[in-house]
Amino acid sequence: MPSSIRFFHFASPARFYALATRWSPALWVLAAVLAAAALYIGFFVAPTDATQGDAYRIIFIHVPAAWMSMVLYLAMALWAAIGWALNARLASMFARAIAPTGAMFTFLALWTGALWGRPTWGTWWVWDARLTSELILLFLYLGYLALVDAIDDTRRADRAGALLAVVGSVNVPIIYFSVKWWNTLHQGASITLSSAPTMAQSMLIAMLLMTLAFWAYAFAVVFKRTQAIVAERERHAQWLTTTRKLETA
Amino acid sequence: MATTSHGDLDAGARASRTLTVDGLAGRRGERILFHDFDLFVAPGELVWLRAANGYGKTTLLRILAGLALPEAGTIRWSPASGPATVYLAHANALKDDLTVLESVRYQSTLHGLEASEAAIADAIRRFGLQSRRHAPIRTLSQGQRRRVALTRLCLSDPQSTWLLDEPWDALDAEGVALVSTLLDEHAARRGNALFTSHVPPAIDGLRTVQFDALPAPA
Amino acid sequence: MTRVFATVLRRDLRLAARRRSDALLPVAFFVVAVSLFPLGIGPEPQTLRQIAPGIVWVCALLAAMLSLGAMYSGDLVDGSLDQMLLSGPTPGQASLAVAAAKSLAHWLVTGLPLTILAPLLGVLFGVAPAPIVALTASLLLGTPILSLLGGLGAALTLGVRSGGVLLLLLVLPLCIPTLIFGAGAVVAIDSGLSARGHFSLLGALLILTMLLAPLATAAALRIATE
């Protein structure tokens, strides 16, 4: 099948490096354009909400960031598992590259969640089920980063990280469920960040555009980071020195 | 004469498995320590794996024992199934708080050796630890601890392949002679062994494999 | 594989018995840590009664984690772990038996004593009889989960430099559902509500962890020793 052949074609770190170099500029531009469009629509086009005023507009960053944080965790676990199961070098490098970006989005989601909560609830933090789950997700990311960093042997670090990420993925739904349970049980009526206002079409478009912008950004950053990891791990390989010479020429 | 729970077996009926190693490559961490390594060990053969420090002898033994996967190459045992290998690492695998007797019993049960109390007592006696059999391991000297670890050789299946990492380490002259005798007996009943040692062993009919004569990786 | 399981379990229990004071350190920590809270928060009985389930549960969780670092590290250093992994037909099978035995030994030596001591601490906090029973029952179901997850963390961080604290960072988030259901059960009983949901969930979590954690721990052991 042509598609699977092409997939494995780029499984070599060398070829991926070239691919990433070619695509990077376009990805950065795409991310910038989409983000600008999303912010414009979100801040200028979307209507003011009846109950929350203009404070709600932070959700145009908060919700996409939260989505990204969760999706990236799963992507990280998936690539790490592939790298482990198939002994694929590049897949493991991908997973390592995704982790910091995923953690960043988690942090962004928490930060913007706090910014949202402040005008609405009067405090910087509420133990809302979603926010609390995001916080625990941040712990999972930090745990992964700490583990792979602490193990000196690259291969062992990749594998241990893969196992941890897979275990984490299995736990994420359990954790989310238990936090929701905890939240409703203890408060009677659940404490939630104000539920998102009824969505006008422009709001949906803004969130969608921001999500796509984040995707493009994530690709760009992960590609760059993977290139750095490839350069470091394959530093003795012949193809790397030639490429570097061409780049600086 | 070694007495084991297996009794006296007809030496010709059972023999150790033959080990064939083909193009083996081994790594530790990031480094490939050796590659293109071939080895053939027939029943009754005692092979001395000889190399300077850091060439990967321990890694090789671990791979052959099954603790680690090789980077490349194949390992074939014929017949495919048979008595498990006896791997004695450089470390003794003894717990400080157990007595000699408890340690030997634990080893025996863990590896399914089903050694009788009499066989265990014999092994302890043979290694000269009779008087210390109720002493905790932490009160023993390095040499005595090594002896405790080596008792496994008396209790294992006579046809198992022995993979020994520095078996003579820390032993006094008597201990050294004892291990050499055990190896001779092992070969006589068609068992085979692969071991490392920094001191040339005093064993007849030894086959030496010079490990560090391998070409450096490209 | 039952042979390997039983042998390792017996050995670990015997070793713990020889170092009884070491084995009981987590229990001592449990009592001390729990006692800190009234000192920090104030002796008001109503407050103490209310916070007791959470406090006892969190301190039990932390105390259980204390003895995890030593679960595999001693055996790694003296070569016993290698021999354990070679005791079965494959390292995969052997490591599974070892993982299960180690977690059970940890629970018997640490988790169970914590559970037994909990009612006493409940009394210190002025908790009513019914919630005390719930507390003990929830810990009885929850501490095995902690031992199983802890074993996984211990195997993942085996031989790693800052292993001790890293272990906590890895395992504590995974224990959060157990904490929520466990402490929640006690709070429910204390409020006069039924805790059946909590206990069912806790039980389900225990079964799930018993099925999956040893497998993951076995894989982690092989990753660490290869």
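The largest nonpolar core, a set of buried Ala, Val, Leu, Ile, Met, Phe, Trp, Tyr and Cys residues joined through C-beta atoms within 7 Å, has 206 residues, and those with the most contacts inside it are A:Met76, A:Ala95, A:Leu163, C:Val56, C:Ala60, C:Ala155 and C:Ala220. The most is given to this core by helix H8 (residues 163-190) of chain C, with 17 residues; helices here are DSSP runs of H or I of at least four residues, strands are runs of E of at least two, and both are numbered from the N terminus. The model is predicted, so that local features need pLDDT of at least 70 and side-chain atom pairs count only at pLDDT 80 or more, whereas totals for chains, interfaces and linings use all residues. Residues are numbered from 1 along each chain as its sequence is written, while chains are lettered from A and ligands numbered from 1 in the order in which they are written.

Leaving aside neighbours within four places in sequence, A:Ala95 is in contact (C-beta atoms, placed from the backbone, within 7 Å) with residues including A:Met76, A:Trp79, A:Gly161 and A:Ala165.

The secondary structure of chain C comes to nine helices and zero strands. Its C-alpha trace spans about 55 × 35 × 30 Å along the principal axes. Of the 226 residues of chain C, 57% count as buried, that is, 20 or more other C-beta atoms lie within 10 Å of their own.

For chain B, the mean pLDDT (the predictor's confidence in each residue, from 0 to 100) is 86, and 91% of the residues reach 70 or more, although over residues 1-12 pLDDT stays under 50.

Conventions. Buried ≥ 20, exposed ≤ 12 C-beta atoms within 10 Å, placed from the backbone. Contact = placed C-beta atoms within 7 Å.
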